[in-house]
Amino acid sequence: MPKYIESETLELKEKYTDIICKEIVSFLNASGGTIVIGVKDDGTIVGVDKIDETFKKISDIITTQIEPNPQDEVSSELRFEDGKTLIVVNVSKGIKHIYCQKKYGFSSVGCTIRVGTTCREMTLEQIRIRYENKFVDSEYMLKKRATMSDLSFKELKIYYSEKGYHLDDSNFEANLNLKNQNGEYNLLAELLADKNNIPLIFVKFKGNDKAAISERSDYGYRCIITSYEKIKNRLQAENICVSDTTVRPRQDTYLFDYDCVNEAILNALVHNDWTITEPQISMFDNRLEILSHGGLPSGMTKKQFFDGISKPRNATLMRIFLNMGLTEHTGHGIPTIVKKYGEEVFEIENNYIRCTIPFDDVVLDKIKSENVGNNVGNNVGNNVGNISLNKTEKKVISLLIEDSEYTADELASKIGVTKRTIERAFISLQKKKVIERIGSNRKGNWIVIK
């Protein structure tokens with residue numbers, strides 16, 4: 001009978017491979033274990049030839065490839081069996097709640113756990129629970145008291161309900177960590193409340209500097225998820241499209257890459273230091289700037305940032321955005337932007353990060369030559385593909401982008417039509433999948449989704 005047999009706490013490796021990083025993470029996230037290098041799966045001892053090189057690679061894994069750093073939990077040693085040299089990696093149960101391979105971040109691929117004799121990817125729910133435990137005692141948003149004491153969370157509950165979560169009202173606030181240790185609403189709660197004192201401003205400037213403001217819109221003072229949706233809708237409307245119909249299929253060129261801008265907005269919201277102030281979104285004639293405060297999270301390097309290693313400043317807020325399906329927490333956001341625009345679009349300082357998205361030259365030339373898209377209302381018709389919209393529908397979309405809380409009566413008054421005309425426009429736009437209802441028919445809002 002062989003001396004070495006794989007088990008829940010013993011992994012055998014004939015030789016070193018990069019998969020050992022995954023094995024170490026799996027043991028850290030479980031009850032610990034031992035990796036023996038130089039032994040085949042069947043227990044045959046073959047030994048290790050390049051001992052120094054293998055030790056160096058293992059050391060590199062321990063010091064640079066796993067988050068959080070597991071140096072206190074992992075050790076390696078030489079063992080001699082049957083005249084052969086083995087390398088033994090001893091892994092204790094991690095003292096942190098969750099570990100991952102840095103290159104994959106806190107995703108299912110990055111977070112594995114030992115189950116029997118195999119490494120299994122952790123589910124998003126397992127990651128969520130461990131993530132919550134990891135940061136619940138240290139995250140500043142959970143400790144800082146809200147500036148308001150009378151908060152409600154109707155919109156947040158609707159969002160969770162629509163995603164299939166059934167949270168009991170009696171423990172809703174506790175489950176989402178909306179109160180600090182003293183039983184007071186915290187900063188996270190204020191961000192997620194139906195009404196709050198936190199602005200979220202979109203400024204449109206005339207020209208390429210801040211000398212003259214064309215428009216200033218505030219989408220804040222409400223649940224941050226709703227604010228994000230409104231900002232997203234506004235940017236979709238601003239994303240002018242120029243179509244070349246002389247070729248087949250037709251070629252559409254947009255003012256900016258919307259997916260990249262969306263990733264930049266999400267990163268700004270989730271990673272912003274809200275104790276300083278809110279993120280700022282500025283639109284110029286030639287670019288879009290998204291500014292978040294606080295710089296890089298503590299311990300993160302610029303290389304890790306550009307590599308897409310996920311290390312959120314506001315972990316619980318990240319978890320909520322993850323639950324809403326707004327972010328995947330796989331660290332692909334920054335690499336997506338870098339692939340399209342390059343690292344130079346990021347300005348990283350100790351107290352802020354600015355992402356500058358340049359506008360497409362072809363679209364800019366078209367705007368200048370033909371005066372395309374003077375305002376959001378005119379742009380809307382250009383941004384819903386081949387869907388035909390009448391004049392009233394375009395005006396409805398433009399106003400809903402400004403404020404999704406407009407009622408049918410208010411829209412009728414602003415546009416100069418009857419309430420019945422507005423209601424018919426709602427039905428038509430919903431059928432065309434341009435808008436959708438958030439909340440109940442009596443108290444909900446219409447949100448532009450295209």
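# Helix packing, sheet and cores in a predicted model

Helices H9 and H12 pack with their axes 9 Å apart, at an angle of about 140°. H9 and H12 are therefore oblique to each other. Their crossing is left-handed. On the H9 side, the contact is made by Cys 260, Glu 263, Ala 264 and Asn 267. H12 contributes Gly 333, Ile 334, Thr 336, Ile 337, Lys 340 and Tyr 341. The structure is a predicted model.

## The chain as a whole

The protein chain has 17 helices and 18 strands. Its C-alpha atoms fill a box of roughly 90 × 55 × 40 Å along the principal axes. Of its 450 residues, 52% count as buried. Among contacts with a separation of 6 or more, 63% come from residues 24 or more positions apart.

## The six-stranded sheet

One sheet is open and has 6 strands, in the order E10-E9-E13-E14-E16-E15. The pairing is mixed. Strand E10 (212-218) and strand E15 (346-348) stand at the edges, each with a single partner strand, so one side of each has no neighbour in the sheet. On average, neighbouring strands are turned by 15° against each other, direction ignored.

Three of the strand pairings can be set side by side.

| Strand pair | Sense | Bridges |
|---|---|---|
| E13 and E14 | antiparallel | 4 bridges |
| E14 and E16 | antiparallel | 7 bridges |
| E15 and E16 | antiparallel | 3 bridges |

In general, the strands of a sheet pair through backbone hydrogen bonds. Individual residues mark the register here. E13 covers residues 280-283 and E14 covers residues 287-293. Ser 282 stands opposite Glu 289 in E14. His 293 stands opposite Tyr 352 in E16. Phe 346 has Cys 355 of E16 as its bridge partner. E15 and E16 form a hairpin, with 3 residues between them.

## Helices on the sheet

Helix H8 (residues 224-238) packs on the sheet. H8 touches strand E9 (201-206), E10, E13 and E14. The direction of H8 makes about 25° with that of E9. Helix H12 (residues 333-341) lies across E15 and strand E16 (352-358). H12 runs at about 45° to E16. H12 thus has contacts on two fronts, as it also packs with H9.

## Two nonpolar cores

Which residues have the most contacts inside the largest nonpolar core? They are Ile 224, Ile 225, Leu 288 and Phe 346, in a core of 69 residues. Helix H9 (residues 258-271) supplies the largest share, 9 residues. Apart from this core lies another, of 20 residues. Its members include Ile 397, Tyr 406, Leu 411 and Phe 426.

Ile 224 has contacts from several parts of the chain. Leaving out residues up to four places away in sequence, Ile 224 touches Leu 191, Leu 192, Leu 200, Leu 269, Trp 274, Leu 317 and Phe 321. Phe 346, named above for its contacts inside the core, is the residue that bridges to Cys 355 in E16.

## H15 and H17

The axes of H15 and helix H17 (residues 419-431) come within 10 Å and cross at roughly 85°. H15 and H17 are therefore roughly perpendicular to each other. From H15, the contact uses Thr 392, Glu 393, Val 396, Ile 397 and Leu 400. From H17, the contact uses Thr 421, Ile 422, Ala 425, Phe 426, Ser 428 and Leu 429. Ile 397 and Phe 426 also belong to the core of 20 residues.

Thr 392 lies in helix H15 (residues 391-402). Is Thr 392 buried or exposed? Thr 392 is buried, because its relative accessible area is 19% and the cut-off is under 20%. Beyond residues up to four places away in sequence, Thr 392 touches Ile 415, Thr 421, Ile 422 and Ala 425.

## Asp 194

Where is Asp 194 placed? Asp 194 sits in the loop between helix H7 (187-192) and E9. Its relative accessibility is 11%, so Asp 194 counts as buried. Leaving aside neighbours within four places in sequence, Asp 194 is in contact with Ser 152, Phe 153, Lys 154, Glu 155 and Leu 156, and also with Tyr 221, Arg 222 and Cys 223. Asp 194 and Ile 35 are 159 residues apart in sequence. In space, Asp 194 and Ile 35 are 52 Å apart, C-alpha to C-alpha.

Conventions. Residues numbered from 1 in each chain as written. Predicted model: local features only at pLDDT ≥ 70, side-chain atom pairs only at ≥ 80, totals over all residues. Heavy atoms only, no water. Core = buried A, V, L, I, M, F, W, Y, C linked by side-chain atoms within 4.5 Å. Buried < 20%, exposed > 50% of the residue type's maximum accessible area, 1.4 Å probe, protein only. Contact = heavy atoms within 4.5 Å. Pairing = 2+ DSSP bridges. Axes fitted to C-alpha atoms, helices over the stretch in contact; angles between N-to-C directions. Parallel < 35°, antiparallel > 145°, perpendicular 65-115°, else oblique. Left-handed = near helix turned anticlockwise from the far one by under 90°.
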